[in-house]
Each structure stands twice: as C-alpha cells, then as structure tokens.
Amino acid sequence: MGAGAGAEAGTGTGADGPEADAPGAQAPEGDGGGLPDPGDAWADVTPDAARRLLVAAIEAFAERGYHATTTRDIASRAGMSPAALYIHYRTKEELLFQISKVGHQRALALLESAAGAGAGDASPAERLGALVRAFVRWHAERHTTARVVQYELHALSEEHYAEVAGLRRATEQVVRQVIEDGVAAGDFDVADVPGAALAVLSLCIDVARWFNVGGRRTPGEVGDLYADLVLRMVRPERAG
C-alpha cells in the first residue's frame, strides 16, 4: 500500500466473464445504515497519515461513490491538505486498488481458514456452514469496506482489475471445492457446482449492501441464518 497493510481478506466472486462483476456491478445507494467499520480494521497500515487517508477514502467512496469523490474530499476527511495525499498514493485509483486488493486478500484468507478448519474431521456440511458464517459476519462487521471492495470494481484500471480478478477466482474456488467435496461424499445434491458457488458468494456479499448495525440481528445471527439457508439449498431433498 502507499503503506504497509496486512492481508486480511475482502470479498469476491468469480473473476472473468459475467460472474466477475455480478455481485458488485452497481453500487447501492445510501450508506448501508450503520457505523463505520471497526477502527482497528486498518491499524496495520503505516505511516499514520497513509492509514488516515485510506480510512477517509473508504468512508467517502462508500458514501458518495468513487467517481463522485474527489481527492480534496478524501484529504479533508483525513484532516490533511490535498497535496499530502500524493505523498502516499500516486492517484485516487491507487487508493481504491489498495482498498480492493487488501479487502480481497483478507476475505480469501478468512474463507480458506474457515473451509480448512478441522478439514480432516469436519464434514463438508460443517465446513460450508463455517465458511458461510465467517464470510457473512465479515461483510456485516466490515460493511463499509466491503461495499467499496465489491461495488467499485469497475473504476479500477485494467491492470489492477486483473490482479483483483485473480483473488476473486481464488475466493470462488474455495467455495467450489467445499461443495465438490460434499457432492463426492453424497452429502450434497448439486447439479451445477460453479453456479451454486456463485449463488453462495452472492448471498453472502449482499449483506454488505443492506446490513444495519441498528437492526434486530447481529452479524453472528445473520451468519447463522445464512448458513442454514445455504445448507438447505445444497442438501438432497428428503423423500416424502
């Protein structure tokens, strides 16, 4: 990053073709109802000025959209002059790229951890449930960041989009593999595994669009609900 950000992952679905942009093709209106992401979400970005600019950019992009946000808007939110932004980030698009890249890296790491937890003993259903819970909770707790990561992809340069697209493909593959394992074990009845993986990811990602911290469900409760819905979707129908 124009600073050192760690990798905790963002979000994504299929990368090339229609699936690449399906979940985040058009930015939703409004602010998703709620408070900004937890203050420690970008604590590993250094120096402090770079972190403040990045957090300010996330808030501005989520509220106004990438194209309606100016570098002056970002700098003002960070309590800095517009010229100070260019010390840490060459362009506004580079800021968006760093947000998107690190967001996707973090979500991918989260999914890999959830899908692999107890892989030797856990059933595919348990792994898929854990994966959905973790992914949904991330999108609820980090909904401001997730909205930018998912809904502003179209503004990335071709080179930067290609890099993020690779992370999105890897993210989709994690989900696809768990579903394939379930089909192979006879636990899932899924005729179209890629389509099912896309549906699962789209369902989870959409939480960032509507989640409201003042709503009646916590991130964990939404995760439990969605995990149950996904498992009902992939399990064989019971006779009778």
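Helices here are DSSP runs of H or I at least four residues long, numbered from the N terminus. With that in hand, Pro47 is easy to place: it sits in the loop between α1 (18-21) and α2 (48-64). More on that proline below, after a look at the whole chain.

**The overall picture**

What you have on screen is a predicted model. Mean pLDDT for the protein comes out at 84, with 80% of the residues at 70 or more. Take care at the start of the chain, though: over residues 1-35 the pLDDT stays under 50, even though the model gives that stretch 129 contacts beyond four places in sequence.

As for secondary structure, the protein has eleven helices and zero strands. Going along the sequence, the pattern reads α-α-α-α-α-α-α-α-α-α-α. Of the 240 residues in the protein, buried ones make up 50%. Among contacts with a separation of 6 or more, 79% link residues that are 24 or more positions apart.

**α5 and its partners**

Helix α5 (residues 92-116) is a handy one to follow, starting with α7. How do the axes of α5 and helix α7 (residues 143-151) cross? They do so at roughly 105°, coming within 9 Å, and α5 and α7 are therefore roughly perpendicular to each other. On the α5 side, the contact uses Leu96, Ile99, Ser100, Gly103 and His104, while α7 brings Val148, Val149 and Gln150. By class, that contact splits into four nonpolar and four polar residues, with no charged ones.

Now for α8 (residues 158-184). Its axis and that of α5 come within 10 Å and cross at roughly 15°, which makes α5 roughly parallel to α8. The crossing of this pair is left-handed. From α5, the contact takes in Glu93, Phe97, Ser100, Lys101, His104, Gln105, Leu108, Leu111, Glu112 and Ala115; they meet His160, Glu163, Val164, Leu167, Arg168, Ala170, Thr171, Val174, Val175 and Val178 of α8. Sorted by class, the contact of α5 with α8 has ten nonpolar, five polar and five charged residues.

Ser100 and His104 are worth clicking on: these α5 residues turn up in the contact with α7 and also in the contact with α8.

**α6 against α11**

Another pair to look at is helix α6 (residues 124-141) with helix α11 (residues 219-234). They pack at an angle of about 140°, and their axes are 8 Å apart. That angle makes α6 and α11 oblique to each other, and their crossing is right-handed. The α6 side consists of Ala125, Leu128, Gly129, Val132, Arg133, Val136, Arg137, Ala140 and Glu141, facing Pro219, Val222, Gly223, Asp224, Tyr226, Ala227, Val230, Leu231 and Val234 of α11. In class terms, the contact of α6 with α11 is built from twelve nonpolar, two polar and four charged residues.

Is Gly223 of this contact buried or exposed? Gly223 has 0% relative accessibility, so it counts as buried. Leaving out residues up to four places away in sequence, Gly223 touches Val132, Arg133 and Val136.

**Pro47, Glu59 and some pairs across the sequence**

Back to Pro47. Which residue shares a cis peptide bond with Pro47? That would be Thr46, with omega at about -5°. It's a detail to notice, because most peptide bonds are trans. Pro47 has a relative accessible area of 42%, so it is partly exposed.

Glu59 is found in helix α2. With a relative accessible area of 28%, Glu59 is also partly exposed.

Each of these residues has a partner elsewhere in the sequence, listed here with the C-alpha to C-alpha distance:

| Pair | Apart in sequence | C-alpha to C-alpha |
|---|---|---|
| Gly223 and Val132 | 91 residues | 6.6 Å |
| Glu59 and Val148 | 89 residues | 8.7 Å |
| Pro47 and His88 | 41 residues | 9.0 Å |

The table ties back to the helix contacts. Val132 and Gly223 belong to the contact of α6 with α11, and Val148 is one of the α7 residues that meet α5.

Technical notes
Residues are numbered from 1 along each chain as its sequence is written. This is a predicted model: local features need pLDDT of at least 70, side-chain atom pairs count only at pLDDT 80 or more; totals for chains, interfaces and linings use all residues. Side-chain values use heavy atoms; hydrogens and water are left out. Axes are lines fitted to C-alpha atoms, for helices over the stretch in contact, and angles run from 0 to 180 degrees between N-to-C directions. Helices (H or I, at least four residues) and strands (E, at least two) are DSSP runs, numbered from the N terminus. Angles under 35 degrees count as roughly parallel, over 145 as roughly antiparallel, 65 to 115 as roughly perpendicular and the rest as oblique. A crossing is left-handed if the near helix is turned anticlockwise from the far one by less than a right angle, and right-handed if clockwise. Contact means heavy atoms within 4.5 Å. Ala, Val, Leu, Ile, Met, Phe, Trp, Tyr, Cys and Pro count as nonpolar, Asp, Glu, Lys and Arg as charged, and the others, Gly among them, as polar. pLDDT is the predictor's confidence in each residue, from 0 to 100. Buried means under 20% relative accessible area, exposed over 50%, partly exposed in between (1.4 Å probe, protein chains only).
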